Amino acid sequence: MRCMDAQQIQHKLATVLQRVRLAEQKYQRISDTCELLAVSKTRPPEDLRAAYAAGQRAFGENYLQDALDKIEALADLDIEWHFIGPIQSNKTRPIAAHFHWVHSIDRIKIARRLSEQRSPELPPLNICLQVNVSGEASKSGLAPEALPELVNEIAGLPGLTLRGLMAIPAPSAEFNAQRQPFAQLRELLTACQLEAPAMTTLSMGMSADLEAAIAEGATLVRVGTDIFGPRNG
Ligand SMILES: *Cc1c(COP(=O)(O)O)cnc(C)c1O
């Protein structure tokens, strides 16, 4: 029951990119400082090809097997693959082998395994720590109080480069309410930067709240529905 064709995807992608640029302008951000991650979980490879043909290079996936199938099917393309879903500790090896970024690290055990399993022939895996900011819908993410210790421990892992923080706040329809958890994540990043100045990524904002995230300094928004259409549809 799929009804999105390549042109529709390309049109929607252009519309989302325009929203990102307009929000950058509106909130006095330097243009082009917020990157768009196209969240392609559950979508078939053709949908990613359509977005790629329009210039999109960074894709986000949540489900490991679904992702590995697409990584294989799209091996002819120069895609930057981001893993953004929950990670089971017995599934870290293929993530370390096939992805460029992981946004959903919330415990040291996973970080250690990814570092050990990352081939020294590859550049270090870029990672973000997922924080459970107030009102976060999912139960994943570490408590803000636990951040300093994890930042410290990860700094010593050779297979990883700590790039920043990620959050998935509870959905809210009201703009100022949407901004609040994003502001909290920005403040947490500022605090982390005292110890780890290379942490500059704020991975926050999705289809429904990307403007609020950009208003609070998002450097990467993760958008699925507004590019590829509703899931299970
Ligand atoms: C699915 C998902 C998104 C995209 O959400 P949309 O509402 O479809 O834009 C972003 N981030 C994560 C972690 C997701 O799982």
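Ala, Val, Leu, Ile, Met, Phe, Trp, Tyr, Cys and Pro count here as nonpolar, Asp, Glu, Lys and Arg as charged, and the others, Gly among them, as polar. The model is predicted, with local features needing pLDDT of at least 70, side-chain atom pairs counting only at pLDDT 80 or more, and totals for chains, interfaces and linings using all residues. Residues are numbered from 1 along each chain as its sequence is written, and side-chain values use heavy atoms, with hydrogens and water left out.

**Exercise 1. Describe the shell around the ligand by residue class.**

Solution. A residue is near the ligand if one of its heavy atoms lies within 4 Å of it. Step 1: there are 13 residues around the ligand, of which Lys41, Asn62, Ser207, Gly224 and Thr225 come nearest. Step 2: sorted by class, the shell has 6 nonpolar, 4 polar and 3 charged residues.

**Exercise 2. Find N or O atoms of the protein beside ligand oxygen atoms, and state how much of the ligand is buried.**

Solution. A polar contact is a pair of N or O atoms within 3.5 Å. Step 1: asparagine 62 places a polar side-chain atom 2.7 Å from a ligand oxygen. Step 2: for glycine 224 a backbone N or O atom is 2.8 Å from an oxygen of the ligand. Step 3: a side-chain N or O atom of arginine 231 lies 2.9 Å from a ligand oxygen. Step 4: the protein buries 89% of the 390 Å² that the ligand exposes when taken alone (Shrake-Rupley method, 1.4 Å probe).

**Exercise 3. Check cysteine 34 and cysteine 128 for disulfides.**

Solution. A disulfide is a pair of cysteine sulfur atoms within 2.5 Å. Step 1: the structure holds 0 disulfides. Step 2: for cysteine 34, the nearest cysteine sulfur belongs to cysteine 128, 13 Å away. Step 3: for cysteine 128, the nearest is that of cysteine 192, at 11 Å.

Conventions
Polar contact = N/O pair within 3.5 Å; in protein donor to acceptor, adjacent residues only side chain to side chain.
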